[in-house]
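Hi there,

Here is the structure I promised to pass on. Have a look at it first, and then read on for my notes.

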Amino acid sequence: MEDIKGVLRNHLRERPFDLYVAFLLFLTGLYSMVSDTWPEQSHSGVVSTLIVIISLYYMAASVIIIASMSCRRKNHPVLALMGEMYGWMFVSFASFATALMYLGSTIYATPASWFAFGVMEVVWIGMCLASGVRFLDLYNVYRGLKR
């Protein structure tokens, strides 16, 4: 019971939404690897391979973020700061790759619904920007500690 209180005393109580987003990204990566129809049903082996690579990237970044948020900051300060900082950077790059993949899919076939395509594009670009801002925020904290 003391361990659970220690975890909640760290980053999780301060930023539960970060944990929630990291967990959802992990589930997104896992689901896109096991589902045949989501994110898209592609007939190209290259696109399927890219989807699996990006999914693994999301899952790895999410595990890093969750591990860094649940560790004790006083005992593992490097993991707590660097893990979360680089985890959000990885999420930003993976979201950018996903947005580019959605945009590139319009070259081969027009989307069935332009509205759904636009919403998904906005979601992935928004995730890229939000996680990039979070990375830069943590990077500024790190730069402040170095001085």
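Below is what turned up, starting with a pocket and moving on to the aromatic rings.

One thing to keep in mind: this is a predicted model.

**The pocket.** I looked at the second largest pocket, which holds about 240 Å³ of space. Its lining is made up of 14 residues. If you want to find the spot on screen, go to P77, A80, L81, V141 and L145, since these lie nearest the centre of the pocket. Two elements give two or more residues each to the lining: α4 (77–108) and α5 (114–146). Of these, α4 provides the largest share, with 6 residues. As for chemistry, the lining splits into 9 nonpolar residues, 4 charged ones and 1 polar one.

**The aromatic rings.** Searching the whole structure gives 5 aromatic pairs. One of them is formed by Y58 and W124. The two ring centres are 5.6 Å apart, and with 35° between the planes the pair is tilted. Y58 belongs to helix α3 (residues 45–70) and W124 to helix α5, so this pair ties together parts that lie 66 residues apart in sequence.

And are these two residues buried or exposed? Buried counts as under 20% relative accessible area. Y58 has 3% relative accessibility, so it is buried. W124 comes out at 8%, so that residue counts as buried too.

So helix α5 turns up in both parts of these notes: it helps line the second largest pocket, and it carries W124 of the tilted pair.

Cheers

Methods
Residues are numbered from 1 along each chain as its sequence is written. This is a predicted model: local features need pLDDT of at least 70, side-chain atom pairs count only at pLDDT 80 or more; totals for chains, interfaces and linings use all residues. Side-chain values use heavy atoms; hydrogens and water are left out. On a 1 Å grid over the protein atoms alone, a cavity is a set of points where a 1.4 Å probe fits but cannot get out, and a pocket is an open set with protein on both sides within 12 Å along at least five of seven lines; lining residues have an atom within 4 Å of a point. Grid points are joined across faces, edges and corners, and a volume is the space filled by probe spheres set on the points. Helices (H or I, at least four residues) and strands (E, at least two) are DSSP runs, numbered from the N terminus. Ala, Val, Leu, Ile, Met, Phe, Trp, Tyr, Cys and Pro count as nonpolar, Asp, Glu, Lys and Arg as charged, and the others, Gly among them, as polar. Rings of Phe, Tyr and Trp (its six-membered ring) pair if their centres lie within 6.5 Å; planes under 30 degrees apart count as stacked, over 60 as edge-to-face and the rest as tilted. Buried means under 20% relative accessible area, exposed over 50%, partly exposed in between (1.4 Å probe, protein chains only).
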